[in-house]
Amino acid sequence: MTSIDQYIAAELIDPDPILAAAVRASEEAGLPPIAVSPAQGKLLHLLARLQGTRRILELGTLGGYSTIWLARALPADGKLVTLEASPRHAEVARANIDRAELAAKVEVIVGPAQETLPRLAAEGAGPFDLIFIDADKQSYPEYLERTLEMSRIGTLIIGDNVVRAGAILDPDGDDPKHPGEGIIQGVRRFYELLAEEPRVDATVIQTVGVKGHDGFALALVTS
Ligand code: SAH
Ligand code: DHB
Ligand code: MG
């Protein structure tokens, strides 16, 4: 799977010194290597273009790799707001976003999204055209409810890491990389909400490749 993913990226994704520098700077700063893959980043970018996106909200910035892919889909007056709990991750991301010449379009807000999301909503932020949920997995149900309040009909909500190599199948299971954090239960509740919530139509597409076996949830806001 890894070599196929590498072949796909080599064929279809132009070498990109700015994204490569973002990955290198994130590594050098000791950030975990958990950004989306190049092919996934390009998928996010294409979905944002397909959406005609002018306003993007991201939860979970890390070093800004997915942020750069998404923000590059914006028109000149477009805006992306990205929420990151870790001040250190946010600092690395800001440097990467500056290097990508996207600072005018991208705002990195530091703090747990449990606090920054309600603040944004209270300020009347949104509606966003595309929302990428990629922060702490146990909070995905809460994030879905809150981001729905900042959506419009036609908003695309994307959730990363909703397969976890199949670990989501066991309701009593644990994510081997993050034991005791309730990640599996959070992600399973996220599926239930996607199914129950009358305002969205959703599916999940499994992803394989350099980041292992995982998946993206895609939810279209319909009312
Ligand atoms: N979207 C990034 C990867 C994000 S990794 C990319 O693909 O390039 C998940 C990020 O969520 C980490 O940086 C972590 O610090 C952050 N995070 C964890 N809990 C959070 C919370 N409660 N609020 C906001 N960010 C959080
Ligand atoms: C992991 C992967 C991710 O894409 C993410 O957002 C958080 C954690 C992981 O593999 O641990
Ligand atoms: Mg992720």
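# Notebook: loops, strands and two ligand sites

**Entry 1. Gly78.** I began with Gly78, which is found in the loop between α4 and β2. The model I am reading is a predicted one. I looked up the accessibility of Gly78 and found 0% relative accessibility, so I entered this glycine as buried, the cut-off being under 20%. I then asked which residues beyond its neighbours within four places in sequence are in contact with Gly78. The contacts are Arg54, Arg55 and Lys105. For Arg54 I also noted the C-alpha to C-alpha distance to Gly78, which is 4.5 Å, although 24 residues separate the two in sequence.

**Entry 2. Ligand 1.** I turned next to ligand 1 and listed its surroundings. There are 22 residues around ligand 1, and Gly60, Glu84, His89, Ala113 and Asp134 come nearest. By class, I recorded 12 nonpolar, 6 polar and 4 charged residues in this shell.

I then looked up polar atoms at the ligand. On the backbone side, an N or O atom of Leu62 lies 3.4 Å from an oxygen atom of ligand 1. The side chain of Ser66 places an N or O atom 2.8 Å from a nitrogen atom of ligand 1. For His89, an N or O atom of the side chain is 2.8 Å from an oxygen atom of the ligand. How much of ligand 1 does the protein bury? Taken alone, ligand 1 exposes 580 Å², and the protein buries 88% of that. I also noted which elements give two or more residues to the shell: they are α4 (65-71), β2 (79-84) and α6 (113-122).

**Entry 3. Ligand 2.** I treated ligand 2 in the same manner. The residues around ligand 2 are Ile34, Asp134, Lys137, Asp160, Asn161, Arg164, Lys177 and His178. I divided this shell into 1 nonpolar, 2 polar and 5 charged residues. Asp134 is thus on my list for ligand 2, and Asp134 is also among the residues that come nearest to ligand 1.

Three polar approaches to oxygen atoms of ligand 2 went into the notebook. A polar side-chain atom of Asn161 lies 2.8 Å from an oxygen atom of the ligand. A polar backbone atom of Ile34 is 3.2 Å from an oxygen atom of ligand 2. In the side chain of Arg164, an N or O atom is 3.5 Å from a ligand oxygen atom. The exposed area of ligand 2 taken alone is 290 Å², of which the protein buries 84%.

**Entry 4. Lys137.** From the shell of ligand 2 I picked out Lys137. Lys137 lies in the loop between β4 (130-133) and α7 (140-148). Is Lys137 buried or exposed? Its relative accessible area is 11%, which is under 20%, and therefore I entered Lys137 as buried. The side chain of Lys137 makes a polar contact of 3.0 Å with that of Asp134. Leaving aside neighbours within four places in sequence, I found Lys137 in contact with Asp160, Asn161, Ile183, Gly186 and Val187. Of these contacts, Asp160 and Asn161 are also listed around ligand 2.

**Entry 5. Strand β5.** Asp160 led me to β5 (residues 156-160), where 5 of the 5 residues are buried. In a regular strand the side chains alternate between the two faces of the sheet. I therefore checked each face of β5: Leu156, Ile158 and Asp160 on one side are buried, and so are Ile157 and Gly159 on the other. I looked up the pairing as well, and β4 and β5 pair in the parallel sense over 4 bridges. Within this pairing, Leu130 stands opposite Leu156 in β5.

**Entry 6. Backbone exceptions.** Most residues other than glycine have a negative phi, and most peptide bonds are trans. I searched for departures from both habits.

- The peptide bond from Gly126 to Pro127 is cis, with omega near 0°, and Pro127 is found in the loop between α6 and β4.
- Glu101 has a positive phi, near 55°; this residue is found in the loop between α5 (87-99) and β3 (106-110). With a relative accessible area of 72%, Glu101 is exposed.
- Ala165 also has a positive phi, near 55°, and lies in the loop between β5 and α8 (183-196). Its relative accessible area is 58%, over the 50% cut-off, so I entered Ala165 as exposed.

Conventions:
Residues numbered from 1 in each chain as written. Chains lettered and ligands numbered in written order. Predicted model: local features only at pLDDT ≥ 70, side-chain atom pairs only at ≥ 80, totals over all residues. Heavy atoms only, no water. Near = heavy atom within 4 Å. Polar contact = N/O pair within 3.5 Å; in protein donor to acceptor, adjacent residues only side chain to side chain. Areas by Shrake-Rupley, 256 points an atom, 1.4 Å probe, with all protein chains shown as cover. Nonpolar A, V, L, I, M, F, W, Y, C, P; charged D, E, K, R; others polar. Buried < 20%, exposed > 50% of the residue type's maximum accessible area, 1.4 Å probe, protein only. Contact = heavy atoms within 4.5 Å. Pairing = 2+ DSSP bridges.
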